[in-house]
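Biologist: I am new to this structure. Please show me how to read it, starting with the ligand.

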Amino acid sequence: MTSIPPMPENRIFSGIQPTGNLHLGNYLGAIRNWVTLQDNFESIYCVVDLHAITVPQDPKALRQSTREVAASLLAAGISPERSILFNQSCVPQHSQLAWVFNCIARLGWLNRMTQFKEKAGKNRENATVGLYSYPTLMAADILAYRATHVPVGEDQKQHLELTRDIAQSFNMAFDVPFFPLPEPQIFGSATRVMSLRDGNSKMSKSDASDNSRINLTDDADLIAQKIRKAKTDPDALPSEAAGLAGRGEAQNLVGIYAALADSDVDAVLSEFGGRGFGDFKPALADLAVSRLAPMGARMRALLANPGDIDAILADGAARAEAIAAPIIDQVNDIVGFLGAGNR
Ligand code: TRP
């Protein structure tokens with residue numbers, strides 16, 4: 001039997017869906033934080049292609065989106081040496097553990113998941129079983145590494161709670177303190193980025209208007225143009241954050257400025273309070289171009305050599321599997337699968 005791997009103390013796991021058109025919202029809401037976390041944690045970052053197929057995917061587009069997301073993470077500063085970066089389907093332990101967790105999680109628990117209700121919509125009978133059990137696979141992603149911390153946005157908190165329930169339930173069922181109860185890693189600095197056309201709806205890859213979002217691949221001219229065209233109101237900026245209440249568009253642009261400047265809303269308003277958007281927009285455009293355009297350029301360069309991206313992902317998958325395999329061997333032995341203890 002392989003020896004029991006020691007429980008990690010500071011191991012991050014997080015996943016991102018392989019969707020095309022990553023935008024500023026993805027960057028400021030998640031990716032940027034992942035980059036920072038590499039300094040203090042053993043970090044494992046995964047492009048979750050198994051999760052992607054819970055809804056229909058075109059195979060060619062899926063491959064392309066997987067590369068694009070990997071490229072954007074690398075361009076944003078995820079280091080393939082300091083972190084582990086890979087795509088989920090290349091490490092079979094995720095699927096293996098997900099099955100065990102499917103036999104731990106209860107229908108009642110999954111029935112409460114709000115993301116399933118939203119994604120399945122009215123025609124629930126037609127949703128895939130995979131979409132329903134999405135959260136058990138997510139639990140497997142995290143616990144296959146016995147990760148201790150999981151950076152997630154608000155929308156994934158419920159899934160993380162379920163992950164903790166599954167971990168605890170496994171530990172109780174087999175009377176072993178095997179899985180940690182992973183903690184959410186919520187960022188003070190995570191920014192909820194809204195559409196540039198409507199300050200009350202989230203910036204989204206599926207918005208019909210490309211002017212509603214800044215894509216990470218947009219070049220300098222396009223970034224500046226989209227900010228120039230962004231919806232605003234006719235008033236000057238307030239000098240304190242409270243003055244932004246009810247002004248969704250103004251709030252959004254100031255929030256974006258603060259995030260890109262590594263500053264905060266109050267500091268931005270103390271500089272721009274009393275000035276109109278005629279002053280503020282050009283400053284925001286300059287800042288956004290200086291922060292985002294080099295990233296877009298790096299991303300395009302990476303995507304010009306897809307073989308290099310594939311090699312980075314393959315290396316990451318091998319390193320991920322080296323961590324997960326002994327853990328899953330152990331799980332299989334705990335569960336009572338004959339043979340698992342002899343590997
Ligand atoms: N469900 C997450 C999302 O849609 C992606 C994800 C999959 C994930 N597995 C994970 C996030 C594990 C954190 C940890 O954003």
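Modeller: A residue counts as near a molecule if one of its heavy atoms lies within 4 Å of it. This is a predicted model, where local features need pLDDT of at least 70, side-chain atom pairs count only at pLDDT 80 or more, and totals for chains, interfaces and linings use all residues. Residues are numbered from 1 along each chain as its sequence is written, and side-chain values use heavy atoms, with hydrogens and water left out.

Biologist: Which residues come nearest to the ligand?

Modeller: There are 13 residues around the ligand, and Gly15, Tyr134, Met138, Asp141 and Gln156 come nearest.

Biologist: Which elements give two or more residues to the shell around the ligand?

Modeller: Helices (H or I, at least four residues) and strands (E, at least two) are DSSP runs, numbered from the N terminus. Helix H8 (134-143) gives the largest share of the shell, four residues.

Biologist: And polar contacts?

Modeller: A polar contact with the ligand is a pair of N or O atoms within 3.5 Å. The side chain of Tyr134 has an N or O atom 2.6 Å from a ligand nitrogen. For Asp141, a polar side-chain atom is 2.7 Å from a nitrogen of the ligand. For Gln156, the distance from such an atom to a ligand nitrogen is 2.9 Å. As for the shell, the elements that give two or more residues are strand E1 (11-16) and helix H8.

Biologist: How do I check a helix's length?

Modeller: Its expected span is 1.5 Å times one less than its number of residues. Helix H14 (residues 306-335) has 30 residues, so it should span 44 Å; its end C-alpha atoms are 40 Å apart, which agrees. After H14 comes Gly336, with a positive phi near 110°.

Technical notes
A polar contact is a pair of N or O atoms within 3.5 Å; within protein, one must be able to donate a hydrogen and the other to accept it, and residues adjacent in sequence count only if both atoms are side-chain atoms.
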